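Q: Please take a close look at one side chain in the model below, and at the packing around it. I would like the cut-offs behind each term to be stated as they arise.

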Amino acid sequence: MAELTHMIDSEVFLAFSTYATIVVLKMMLMSPMTGYFRITRKAFANQEDTSLASSTGDKKKLVRVDPDVERVRRCHQNDLENIIPFVVIGLLYTLTGPDLSTALLHFRVFVGSRLFHTVAYILPLPQPSRAVTFLIGLVTTSSMASRVLMTALYL
């Protein structure tokens, strides 16, 4: 139990929890953003959702696919595919006892890449901006994963 308390008090774990919280909150904000785009574009997924629209016309026409809504949904999906692995691998990475400066570099680069990825996806910015930010986050998480695996192999 003392080891767990020591880990929670470590600067690396505190830094990880801060940056993990930032990206998880960013990911959570994508749901309200999707709702905002659905309402403003009058493009709903289900018939019962059309009651949110002020339109008095045929509500069945409001159940449709909108490219802007789909762009936000794909951005959210990409967050789910990248942030969840970062949180899991990042937590394991903190257990390997990395140097604080190295850990901060990993955490900050990942968070920055995800924030820029969202901007590049939603605006949209021309490629390869989105691809580059995705790859930066992927390489960062992979780097932490390799540290976890190398540490486990040398036990």
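A: **One residue and its surroundings**

Leaving out residues up to four places away in sequence, Arg114 touches Val23, Lys26, Asn78, Asp79, Asn82, Ile83 and Phe134, where contact means heavy atoms within 4.5 Å. The model is predicted, so local features need pLDDT of at least 70 and side-chain atom pairs count only at pLDDT 80 or more, whereas totals for chains, interfaces and linings use all residues. Residues are numbered from 1 along each chain as its sequence is written, and side-chain values use heavy atoms, with hydrogens and water left out.

Arg114 is buried, at a relative accessible area of 0% (buried is under 20%, exposed over 50%, partly exposed in between, with a 1.4 Å probe and protein chains only). Arg114 belongs to helix α4; helices are DSSP runs of H or I with at least four residues, strands are E runs of at least two, and both are numbered from the N terminus.

Helix α4 (residues 100-122) packs with helix α3 (residues 67-95) at an angle of about 175°, and their axes lie 10 Å apart (axes are lines fitted to C-alpha atoms, for helices over the stretch in contact, and angles run from 0 to 180 degrees between N-to-C directions). The two helices are therefore roughly antiparallel (over 145 degrees; under 35 is roughly parallel, 65 to 115 roughly perpendicular and the rest oblique). On the α3 side the contact includes Asn78, Asp79, Asn82, Ile83 and Phe86, and on the α4 side Phe107, Phe110, Arg114 and His117 are among the participants. This contact has ten nonpolar, seven polar and four charged residues; Ala, Val, Leu, Ile, Met, Phe, Trp, Tyr, Cys and Pro count as nonpolar, Asp, Glu, Lys and Arg as charged, and the others, Gly among them, as polar.

Arg114 also takes part in the contact of α2 with α4, along with residues including Val23 and Lys26 of α2 and Phe107, Val111 and Thr118 of α4. Here the axes are 9 Å apart at an angle of about 10°, and α2 and α4 are therefore roughly parallel to each other. The class count for this contact is 16 nonpolar, one polar and four charged residues.

Val23, which Arg114 touches, also features in the largest nonpolar core: of its 17 residues, Val23, Phe86, Tyr93 and Phe107 touch the most other members (such a core is a set of buried Ala, Val, Leu, Ile, Met, Phe, Trp, Tyr and Cys residues joined through side-chain atoms within 4.5 Å). Helices α2 (11-41), α3, α4 and α5 each give two or more residues to this core, and the largest share, seven residues, is from α2. A separate core of seven residues includes Phe37, Ala43, Cys75 and Tyr121.

Within the larger setting, Phe107 touches Val12, Ala15, Phe16, Tyr19, Phe86, Tyr93, Thr94 and Met144, not counting residues up to four places away in sequence. Met144 is one of the buried residues of α5, with Thr133, Gly137, Thr140, Thr141 and Val148, and these buried residues pack against α3 and α4. Helix α5 (residues 129-153) has 25 residues and reaches 36 Å from first to last C-alpha, close to the expected 36 Å, that is, 1.5 Å times one less than its number of residues.
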